[in-house]
Amino acid sequence: MKSAALTLVLAVVAPGPAEAQDECIFRIEHIGNQGTAQETPAGTNYFAGGGVRLFCQGTSIRMTSDSVASYRGGDITHFIGTVRYRDSAMALDADTGTWFQDGARWEARGNVFTRNLETGSTLTGPSLDYFRPQTGVRDEASIYAVGRPTILYAVADSAAPAGEPYVIVADRVRMLGDDRIWAGGAVTIDRSDFSGRSDSLWLDAGAGNRGALIGGRPAIEGKGTEPYTLTGERIDLELEDKALRRVIASDSAHAVNDEWDLRGDTVAVRLQDERPDHIDSWGSGVRPLAESDDYRVAADSLALEFPGGRLSALHAIGTAMLETAPDSVTGEPDWIAGDTVLATFASGDSAGGGTALERLEAHADARSFRQIWSPGTGRPGLNYVVGEVIIITMKLPPEEGVDRVDVHGQVQGVQLEPAAGLPPDDDPATRPPGNQPAKDDSTGGGP
């Protein structure tokens, strides 16, 4: 490396012929004050001040600072004060910087700011190590930063809100190439449409289109028009063109939105236009369970569909049961069960606000239990029916209650009426939905 030191000391010239980019042979573009050279057994030491501009011969690398100190023929070079580093892919500013010829490593310290010239992503923090590509050592540039740096990870896809970046903060961060990030220590990832937290994060927003939040009971919080929260012991991220499309929580997963509370061994939330449009739950560790103010549903797997942000269907598969909220008088719920239960929902009013149960279906070993209130009684009649298929059709809003019940296959059932002459405990007109008198076709075996 002694020749590199002599070039550093003597040459104040334009770039020479292109040379291998693995080796940085410094050339001096400008020195504010005369430089001083010192010969040592290990090589030439060189010192200059008053504003120094250097470049690596045959490369795009440019370095500037208030002063510079180079040791052992350029093996190690310190840049002090108002440091600037530029190459074809990276712009980096800091208070001080050190270039290590062995390993093509650049260390920046104090008020570090770096910008990826290809993607526009930035990093701000107190300390950063930048490793350039080097034959036989690394194929891609990498960055390692500590001291809780902040990354603005640029997203160029049209789905991102006005090109808004992901904001990633962690105790330490490693970046490889343009698209791969590993972060550890109290990690947060935020954007206006969602936020996440965990002990660690890895993200491959390039060819991999995936990532994960791991440790510390990670959580994702959706902040769009339909907010939600998802937690688990691990949350996997699936991306499309760098936009978040699906989040999957595993190991005691829990998802909550404005209407539903959903638990399971695994819960997956699919996103469309920054809001959930499909939620699935499955797995044997924690049996899937979905609850709202009006319903409780359990099965081996569950799927809730929210096209346009409105609940349209609920699928419960495998030893499934759907219960209504307990009756305010009896304290008992109505329920329907079977190998599969399907519930469909319609808009709750003419303006499209809210949802109302439209239809219930139970298939294979179907069973249902309902409490039927009649005028002038203080207790409900009880209806229990068994069949291959049970279909319960609800009245359309603004009416409430059951319109009809159809049972197919081999039908068995019983209906018990309340004892006559009992004084009413309340006004049937005020009973909750589903407890009004209804036409009952359960003994007819079908329409």
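Ile151 in strand β12 has Ile168 in β13 as its bridge partner. The strands named here are DSSP runs of E with at least two residues, numbered from the N terminus. What you're looking at is a predicted model, where local features need pLDDT of at least 70, side-chain atom pairs count only at pLDDT 80 or more, and totals for chains, interfaces and linings use all residues. Residues are numbered from 1 along each chain as its sequence is written, and side-chain values use heavy atoms, with hydrogens and water left out.

**Around strand β12**

- β12 covers residues 150–153 and runs antiparallel to β13 (residues 166–169), with four bridges joining the two.
- On another pairing, β12 meets strand β10 (residues 122–131), again antiparallel, over three bridges; two strands count as paired if DSSP finds at least two bridges between them.
- Within that β10 pairing, Thr124 sits opposite Thr150 of β12.
- Which side chains of β12 are buried? Ile151 and Tyr153 are, and they point to one face, while Thr150 and Leu152 point to the other and are not buried.
- "Buried" here means under 20% relative accessible area, "exposed" means over 50%, and "partly exposed" is in between (1.4 Å probe, protein chains only).

**Salt bridges**

- The count comes to 22 salt bridges, each one a side-chain nitrogen of Lys or Arg within 4 Å of a carboxyl oxygen of Asp or Glu.
- Take Asp87 and Arg132: they form a salt bridge whose closest N and O atoms are 2.9 Å apart. Asp87 lies in the loop between β7 (76–86) and β8 (90–100), and Arg132 in the loop between β10 and β11 (142–146), so this pair ties together parts that are 45 residues apart in sequence. Both Asp87 and Arg132 are buried.
- Asp193 and Arg191 also meet through their side chains, at 2.9 Å from N to O. Asp193 is buried at 7% relative accessible area, and Arg191 is buried at 6%.
- Arg263 pairs up with Asp261, with 3.8 Å between the closest N and O atoms. Arg263 is partly exposed, with a relative accessible area of 37%, and Asp261 is partly exposed as well, at 23%.
- There's also a network of salt bridges linking Arg105, Glu107, Arg109 and Asp129.

**A charged spot on the surface**

- Asp258, Glu259, Asp293 and Asp294 make up a negative surface patch. Patches take residues with over 30% relative accessible area and no salt bridge, joining like charges within 9 Å and nonpolar side chains (Val, Leu, Ile, Met, Phe, Trp, Tyr) within 5 Å.
- Where is Asp294 found? Look in the loop between β24 (289–291) and β25 (295–298). Asp294 is partly exposed, with 47% relative accessible area.

**Two residue pairs to look up**

- Phe113 belongs to strand β9 (residues 105–116) and is partly exposed at 35% relative accessible area. Its C-alpha atom is separated by 8.7 Å from that of Pro126, 13 residues apart along the chain.
- Ile390 has its place in strand β30 (residues 381–394) and counts as buried, at 0% relative accessibility. From C-alpha to C-alpha, Ile390 and His408 are 6.4 Å apart in space, though 18 residues apart in sequence.

Definitions and conventions
Areas by Shrake-Rupley, 256 points an atom, 1.4 Å probe, with all protein chains shown as cover. Lys, Arg positive; Asp, Glu negative; His and termini not counted. Charge placed at Lys NZ, Arg CZ, Asp CG, Glu CD.
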